[in-house]
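Trainee: Could you show me how to read a model like this one, feature by feature?
Mentor: Gladly; let us look together.

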Amino acid sequence: MVQEYSELDDKAPRADGRVNEDQAMPGPVSGSGRLDVSKPIWSFEPDAADGKKKTGKAAKGIKSSKKDKKAKKAKRVKKARNPKSGRRREKALPALFQPMELRDQHIRNRIWMPPMDTYSSLRHDGVPTNFHYQHYVSRALGGFGVVIGEATAVNPQGRISPCDVGLWDDEQTRAWQGIVRDVKAAGAVPIVQLNHSGRKGSSGCSSMGYINATVPVAEGGWQPVGPSPIAFGRMAVPVQLSRAQIASIVADFRSAAVRAVQAGFLGVELHAAHGYLLSQFLDPLINRRSDEYGGDLSGRMRLLIQVTDAVREVIPSGMPLLVRMSATDWATGGWGLDETIRTAKVLKLHGVDLIDVSTGGLVPGVKIPAAPNYQVPFSYQVRSQVLIPTTAVGLITKPRQADRIVRKGLADAVEIGRASLRDPYWPLRAAYKLGLSAQQAPYPEPYRRGAYGIAR
């Protein structure tokens, strides 16, 4: 049953993402991952810890010379090193490297690898390959606290493209087991993202073409489905799902969650973002149904709540359940932050432990103001108004930038996406940039002798 949430309604958040004075404001996260609501955290004052506090000539707008910068850097390095051993002195862990807990899972730091589609199941059977093994295990060796697998389809028609991975049969389950085992052995927490593509299904990929278009059935495609017969861009018009088909998809999510446990995953994330099926039902621009799965927000969230309940029932009580949501579709009259917050409050009542906050992907042709930290205010608003842990993602690339987000309580963890594709060892470099010793950084023991900052 969908919970009534009228009693949970809050005053609408400000459009600029700032916080009204009368709103509860969570303070910096503790090592337990619990929220401290006693301390305000939104500050617009210069932050010395960010390395941006200006003094002396710099405060007057005079740029330091390269020689001055080099001298200052040498002084900082010398100060950080033990004069006897040449090693950095150990310091208090920055927020980005503090551990956190989600149910029974201990997570070594707040740097997460988000789900990113690789479209690399080239046999079109949904089975992860040696590429996927290397892709995920290398990031675990690189120090990420959590590794979230790419969108994993709950049935063949739920794939985004024919090249997507899945978790609907035994061969896929066995293939994931080896990947998951070694991600855990490297110290990271493996989480699977379960997905149904809906109207965005049967799209092309780099190995077969049909980019942003529907793959013909004769070439391995299929008829996409959705809440209403409204196409995404120039893709095929989806067939509207019947109640019986909806019930079958809920059952497929449940079965995939059972397989996720069998494969050894330590958490499950439901993909209700970026315009795939669960988010299609949420969005009023896409869902035009007149039955119990459409209409007002309680109807439009019904499928997501049913899937949440089905998954929560079959995974262990100590296993975290996450939901990824687009906080806005960036379209006039569409899905927005207020509905995201109201839905997240209901999800929390149904056993969801964290909201993975993103934006966009639901409707085509919208303008997204992408810039560093542009999605962080959405994560903060969900965190502060729902009192649930959140992650932040989107153009977060620098260690101090990421650390400040966590330290200021804007999110409980930061997801490093495209930057992790460039650098699988991003957390190790971040540890060095933030002044941690090689002993404090999450190095695999065989790699420690090659740690950043070691002269030879």
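**Reading the model**

Mentor: The secondary structure of this protein comes to 13 helices and 14 strands, where helices (H or I, at least four residues) and strands (E, at least two) are DSSP runs numbered from the N terminus. This is a predicted model, in which local features need pLDDT of at least 70, side-chain atom pairs count only at pLDDT 80 or more, and totals for chains, interfaces and linings use all residues. Residues are numbered from 1 along each chain as its sequence is written, and side-chain values use heavy atoms, with hydrogens and water left out.

Trainee: What is the mean pLDDT of the protein?
Mentor: pLDDT is the predictor's confidence in each residue, from 0 to 100. Here the mean is 86, and 80% of the residues reach 70 or more. Two stretches to read with care: pLDDT stays under 50 over residues 1–63, for which the model has 117 contacts (heavy atoms within 4.5 Å) beyond four places in sequence. Residues 79–86 also stay under 50, with twelve such contacts.

Trainee: How many residues does the largest nonpolar core have?
Mentor: A nonpolar core is a set of buried Ala, Val, Leu, Ile, Met, Phe, Trp, Tyr and Cys residues joined through side-chain atoms within 4.5 Å. Buried means under 20% relative accessible area, exposed over 50%, and partly exposed in between (1.4 Å probe, protein chains only). In this protein, 55% of the 456 residues are buried. The largest core has 90 residues, and L194, V268, L270 and I355 have the most contacts inside it. Helix α5 (residues 243–263) provides the largest share of this core, eight residues. A second, separate core has eleven residues, including M100, W112, V146 and L354.

Trainee: Which residues is V268 in contact with, leaving aside its neighbours within four places in sequence?
Mentor: They are I191, V192, L194, A260, V311, I315, M319, P320, L321 and L322.

Trainee: Now for empty space. How many cavities of 30 Å³ or more are there?
Mentor: Rolling a probe the size of a water molecule over the atoms shows where empty space is left. On a 1 Å grid over the protein atoms alone, a cavity is a set of points where a 1.4 Å probe fits but cannot get out, and a pocket is an open set with protein on both sides within 12 Å along at least five of seven lines; lining residues have an atom within 4 Å of a point. Grid points are joined across faces, edges and corners, and a volume is the space filled by probe spheres set on the points. The count comes to two cavities of 30 Å³ or more, and the largest holds about 50 Å³. Its lining includes Y136, W176 and F265, and α4 (170–185) supplies the largest share, four residues.

Trainee: What is the volume of the second largest pocket, and which residues lie nearest its centre?
Mentor: The volume is about 1200 Å³. Of its 42 lining residues, P115, H274, R324, S358 and R418 lie nearest the centre. The element that gives the most to this lining is α12, with four residues.

Trainee: Last, which residues of helix α11 (residues 399–407) are buried?
Mentor: P399, Q401, A402, D403, I405 and V406. These pack against α10 (376–386), β13 (390–392), β14 (413–415) and α13 (426–433). Just after α11, G409 takes a positive phi of about 75°.
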